[in-house]
Amino acid sequence: MKTILITGASGFIGREVTGALLQKGHNIIGTDVKASPFIGQPNFNFLQTSIIDKGKILPLLESGKLDAVIHLACSCDNDLDGIITDKEMKDSAAVDKYLYKAAITSGIKDVMLLSTTQVYAPQKTREPVRETSDEKPFSNYAKMKSESEKELGKSLKKGGATRGVVMRVAPVYSKDYNQNLHDKIYDYKDGVGFLYGEGNYGFSFCCVYNLVDFINGILSQDGSYQYQGIYNICDTKPTMAKDIVEFERDFHKLGAVISRNYSADAIKAALANSGKKPKTDYRYVDLSTLTSNINYDNTKAQRISTFRWNLSNTK
């Protein structure tokens with residue numbers, strides 16, 4: 001079994017990853033500003049500190065005991081709010097400057113970075129977005145993650161045997177964590193759910209268990225497959241708006257759902273889309289593109305994992 005450092009171990013994604021890897025028998029060292037629910041469990045050690053505290057994190061990286069680093073900190077749905085500030089971007093950059101270099105210098109085999117599908121340029125066709133598609137990060141969060149990817153790439157080019165894996169993850173969900181799903185079918189201003197037509201338009205999401213399975217797949221590689229690189233991590237098929245509504249009704253208090261006119265909403269959204277909110281708010285919903293059915297291709301990642309989870313069997 002391996003010894004693994006997980007940054008952001010107490011966030012939503014961090015808890016799921018930590019729990020799954022402990023079940024596999026790995027030795028986990030977790031770090032986060034928040035306390036961990038796994039404190040006291042066998043094979044788990046925890047350091048409660050900020051990831052920007054280089055003086056406390058470096059000794060872990062330089063201990064000679066680590067096989068892998070899973071860098072989940074500085075991520076939405078894990079330990080950051082939806083609004084990404086200039087300070088958070090600056091803190092993330094400071095972490096990038098030392099974390100990857102120390103991991104590579106120490107001979108750690110794998111460094112896995114949680115990134116986002118937001119780094120891609122707006123799509124002009126309905127072709128699935130592949131890892132080779134154009135990038136044009138617009139939001140603060142996308143820019144922050146894009147810079148983190150680049151810093152990892154620069155560090156890896158300087159030498160060493162470390163393999164870097166960038167996980168461009170679509171917005172995540174589970175049965176209990178529905179924030180990203182909810183935002184696509186709910187109008188917070190009017191306090192109602194909504195659909196356009198019958199709700200036959202979809203979004204790319206990632207069940208958190210698909211991400212966990214992918215991480216397990218990377219950790220189980222024997223070296224015969226050259227797995228380093230960038231991967232789209234998302235459910236294999238888009239999630240329909242109408243299915244989100246049914247999911248919310250089954251497991252969460254959704255309330256009224258109304259039918260709205262897409263053309264009218266799209267015009268209003270286009271006129272209002274020049275403000276600061278789309279840049280700073282990770283969960284900003286652009287109504288003018290809501291029915292675009294943007295889909296990310298996870299074919300490459302399926303070489304590592306089956307991506308068997310979706311909204312229906314997550315229940």
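Are Tyr201 and Phe203 buried or exposed? In this predicted model, Tyr201 is buried, and Phe203 is buried too. The two rings also pair up: their centres sit 5.9 Å apart with the planes at 85°, so this is an edge-to-face pair. It belongs to a set of 16 aromatic pairs in the structure.

Tyr201 and Phe203 have further aromatic company. Together with Tyr173, Phe194, Tyr196, Phe205 and Tyr262, they make up one aromatic cluster. One member of that cluster, Phe194, also has a charged neighbour: Arg260 lies over the face of its ring, 4.2 Å from the ring centre. A similar arrangement turns up at Tyr231, where Lys300 lies over the ring face at 4.7 Å from the centre.

Now for helix H7, which spans residues 241-251. Its buried residues are Ala241, Ile244, Val245, Phe247 and Glu248. Looking down the helix axis, these fall within an arc of 165°, so they line one face of H7. Among the elements covering them are helix H5 (179-183) and the strands S9 (192-196), S10 (202-203), S13 (239-240) and S14 (257-260).

H7 has an aromatic pair of its own, since Phe247 and Phe251 both lie in this helix, four residues apart, or about one turn. Their ring centres are 5.3 Å apart and the planes meet at 50°, so the pair counts as tilted. As for exposure, Phe247 has 0% relative accessibility and therefore counts as buried, whereas Phe251, at 29%, counts as partly exposed.

Note on methods: Residues numbered from 1 in each chain as written. Predicted model: local features only at pLDDT ≥ 70, side-chain atom pairs only at ≥ 80, totals over all residues. Heavy atoms only, no water. Buried < 20%, exposed > 50% of the residue type's maximum accessible area, 1.4 Å probe, protein only. Helix = DSSP H or I, 4+ residues; strand = E, 2+ residues; numbered from the N terminus. Arc of directions from axis to C-beta. Contact = heavy atoms within 4.5 Å. Phe/Tyr/Trp six-rings, centres within 6.5 Å; stacked < 30°, edge-to-face > 60°. Lys NZ or Arg CZ within 6 Å of the ring centre and 35° of its normal.
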